[in-house]
Amino acid sequence: MSAITGILHLNEEPVSLEHGIGLMKALQKYPADDIQMWNNDRVFLGCHAQWITPESIGEKLPYYDQERQLAITADAIIDNREELFEKLQVGRDRRAGMPDSVLILLAYDKWGEDSPKHLIGDFAFMIWDERKRRLFGARDFSGSRTLYYYRDQKHFAFCTTIQPLLSLPYVQRQLNEQWLAEYLGICGMIDVVDASITPYQNIGQVPPSHSISIVGDKVTFTRYCTLTSGERLKLKSNEEYVEAFQDIFQKAVTSRLRTYRQVGAQLSGGLDSGSIVSFAAKALRAENEQLHTFSYIPPKDFEDFTPNHLMPDERPLIKATVQHIGGLKDQYLDFEGRDPFSEIEDFLEMMEMPYKFFENSFWLKGMFEKGHEEGIGVLLNGGRGNLSISWGSAMDYYAVLLKKLKWIRLYQELDQYSKNVGGPRLRRLPVVAREAFPFINRIFPTGTTYQFPMLINPDFAKRTNVFNKLGEHGIDQTGWFSTTDIYEQRKSHFEEVFHWNASNTLSTKLSLRYSLWKRDPSNDIRVIRFCLSLPEEQYVQNGLDRALIRRATEKLLPDEIRLNQRIRGVQGADWVHRMAPYWNRFVQELEQLSTDKRVLEYLDGQVVKAALAKVARKGARPEYAIDLDYKILMRGLIVYRFIKSFT
């Protein structure tokens, strides 16, 4: 794992070494095991290296291959090493200690600009091809590592983070209003739909699933990967589907355990993290190694206000998983004294942009801090599980059965589902009908639904034409996806690259700060392709939603976790409770925001003032954690702090 950077002069003029050294100095705030640079008259490459894998210890980066006349700097962990060794005909005596960067270089030497198609893992890299006078690079399919760049008529510069690029004397720091408009116009957790832009007018980024090629003064971006459902996998039995999944998922998990340090995992009381921990623990036991787990819990004085089917304190479920798997070093972290408000400034400095995940910010960062203290090199996570390994919405699938008039199958499924979840089966038929035929909602609405307040100033939205742009990606003027079809939403999630950006920006920058790498087996491209190929009945059957992962973890997880369809864990329900000691400061700063013309050019002042009046009146009671007016004020405050940094 590394922070990489570099400069290429497009007009053939020599690169100033002083500028390259300046980029490297700006990365010194991150811990490093090694710092190296390489340059010739036209190109500068740098690497601020953090050693994670055994092969990375002592790795020379940037690396120049004299024979091939190729130089590389890379921020990468490659997971299909054995497959690449065979394809590239690497001798067995060279394999064990070969760094991933050299493997990428060999792949480029063989396949050229098609090389990213052959790489599986988390990566961002840049290669200087001296013979072709070409700078070539890529990000992995989901953009697990960031890669920003600056370009004008004379210069091209790139870096893992933004701030070093802003330190270059020819780069101006200007707010990108298009990015901000998209950020404010989207009510969900997505930041923007244009994955090539950043909050800074002069700084772009290589989108996920894309490569970049610079020859002369021509810069070309190419999408090398698009995930689609493709051909359906047809096996003979349920058991064969489970065995095929277990095989590919075990490979994905095991390949992500490659570190010379300790291995950790974020563990909740759910299926995704529990399945990853169970597969990882099995692989580590075979090597006489122990898995560390880190679980978030609310503080002792938090009073649970949530309904019975939600569980903010998941300790009973987590401990059931830990006891069943055995041999884990489990830790339960309440991060006492931490809160979203006090973390804003630090998160803005780290993220280099506004963020929307404030409810969970303090404990996400806290787990990286704890992992660093424990000597963790790899921190496992199941963030992509909902749309891959644990996909399968019962009501949506039953709606498909209804539309296809498969009455007997639907009756059987509803009967079994009701036994699993509770309640009479026919009670759910109206819900299924509304899912199957959305026009019913228009003719017979069930009541008014409260939409997320729109934070963007209408004049700003009109000036930037932002909702036309969002509409091209299926987001309407409510800030949400216009389709309610869960299958269309899943299709969009894997075909559109912007869905991945915000969370991967966070994981890259947390990993750099704490020198450990977040790895997600549920985001393995082999696993995702397998999951996309399965018939839908593998995901919902016998009254079980998420049926594949439930069947695949039989005996690996306790049944109270594996078959649980009644209780769901929820993190972040305590964010307002945690902010109570700072509530007066929070309200006072919002009052400043509500009259500051700099930010009201972008935020809707009427929406802000209405929400502020409510917050000031009701105060910091825990149950307001789910109040949308409270949430938009936190979002607005984060944007306010960011905008003020430009003046």
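Select strands S1 and S3 to begin: they pair in the antiparallel sense, and seven bridges join them. The model on display is a predicted one. Within this pairing, place isoleucine 7 at the centre of the view; phenylalanine 44 of S3 stands opposite.

**The other neighbour of S1**

Add strand S9, residues 155-159, to the selection. Strand S1, residues 2-9, pairs with S9 over five bridges, again in the antiparallel sense. Two positions serve to check the register. Leucine 8 stands opposite phenylalanine 156 of S9, and histidine 9 has histidine 155 of S9 as its bridge partner.

Next, show the side chains of S1. Is this strand enclosed or open? Eight of its eight residues are buried, so S1 is largely enclosed by the rest of the structure. In a regular strand, side chains alternate between the two faces of the sheet. For S1, one side carries Ser2, Ile4, Gly6 and Leu8, the other carries Ala3, Thr5, Ile7 and His9, and both sets are buried. The cut-off behind this statement is a relative accessible area under 20%.

**The whole sheet around S1**

Extend the selection to the complete sheet. Six strands make up this open sheet, in the order S2-S3-S1-S9-S8-S10, with antiparallel pairing. S2 and strand S10 (203-205) are the edge strands; each has a single partner, so one side of each is left without a neighbour in the sheet. From one strand to the next, the twist averages 15°.

Now display helix H1, residues 17-26. H1 lies across S1, S2 and strand S3 (43-49), and runs at about 20° to S3.

**A nonpolar patch on the surface**

Switch to a surface representation and select Leu17, Ile21 and Met37. These residues form a nonpolar surface patch with about 240 Å² of accessible area together. Methionine 37 belongs to strand S2, residues 34-39. Its relative accessibility is 44%, and methionine 37 therefore counts as partly exposed.

**A cis peptide bond**

Return to sticks and select leucine 61 with proline 62. The peptide bond between them is cis, with omega near 0°. Proline 62 is placed in the loop between S3 and strand S4 (63-65).

**The second sheet**

S4 leads into another open sheet. Its six strands follow the order S4-S5-S6-S7-S11-S12, and the pairing is antiparallel. At the edges stand S4 and strand S12 (218-223), each with a single partner strand, so one side of each has no neighbour in the sheet. Direction ignored, neighbouring strands of this sheet are turned by 20° against each other on average.

Within this sheet, select S5 and S6. Strand S5, residues 70-78, is joined to S6 by nine bridges, and the two run antiparallel. Alanine 74 has phenylalanine 125 of S6 as its bridge partner. Then add helix H4, residues 100-111, which lies across S4, S5, S6 and S7 and runs at about 120° to S5.

**Two residues with positive phi**

Which loop holds glutamine 89? Look between helix H2 (81-87) and helix H3 (92-95). Phi of glutamine 89 is near 55°, a positive value in a residue other than glycine. Glutamine 89 is exposed, with a relative accessible area of 74%.

Move next to arginine 133, in the loop between strand S6 (121-129) and strand S7 (134-139). Arginine 133 is not a glycine either, yet has a positive phi of about 50°. Its relative accessibility is 30%, and arginine 133 therefore counts as partly exposed.

**Helix H20 and its packing**

Select helix H20, residues 525-532. How many of its eight residues are buried? Six are, and H20 is thus mostly covered. The buried residues of H20 are Ile525, Val527, Ile528, Phe530, Cys531 and Leu532. To see what they pack against, display helix H7 (238-255) and helix H18 (486-495).

**Last stop: leucine 563**

Finish at leucine 563, in the loop between helix H22 (559-562) and strand S19 (568-569). At 35% relative accessibility, leucine 563 counts as partly exposed. Leaving aside neighbours within four places in sequence, leucine 563 is in contact with Leu544 and Arg550. A distance label between the C-alpha atoms of leucine 563 and leucine 544 will show 7.9 Å, for two residues 19 apart along the chain.

Note on methods. Residues numbered from 1 in each chain as written. Predicted model: local features only at pLDDT ≥ 70, side-chain atom pairs only at ≥ 80, totals over all residues. Heavy atoms only, no water. Patch = residues over 30% accessible without salt bridge, like charges linked within 9 Å, V, L, I, M, F, W, Y side chains within 5 Å. Areas by Shrake-Rupley, 256 points an atom, 1.4 Å probe, with all protein chains shown as cover. Salt bridge = Lys/Arg side-chain N within 4 Å of Asp/Glu carboxyl O. Helix = DSSP H or I, 4+ residues; strand = E, 2+ residues; numbered from the N terminus. Buried < 20%, exposed > 50% of the residue type's maximum accessible area, 1.4 Å probe, protein only. Pairing = 2+ DSSP bridges. Axes fitted to C-alpha atoms, helices over the stretch in contact; angles between N-to-C directions. Contact = heavy atoms within 4.5 Å.
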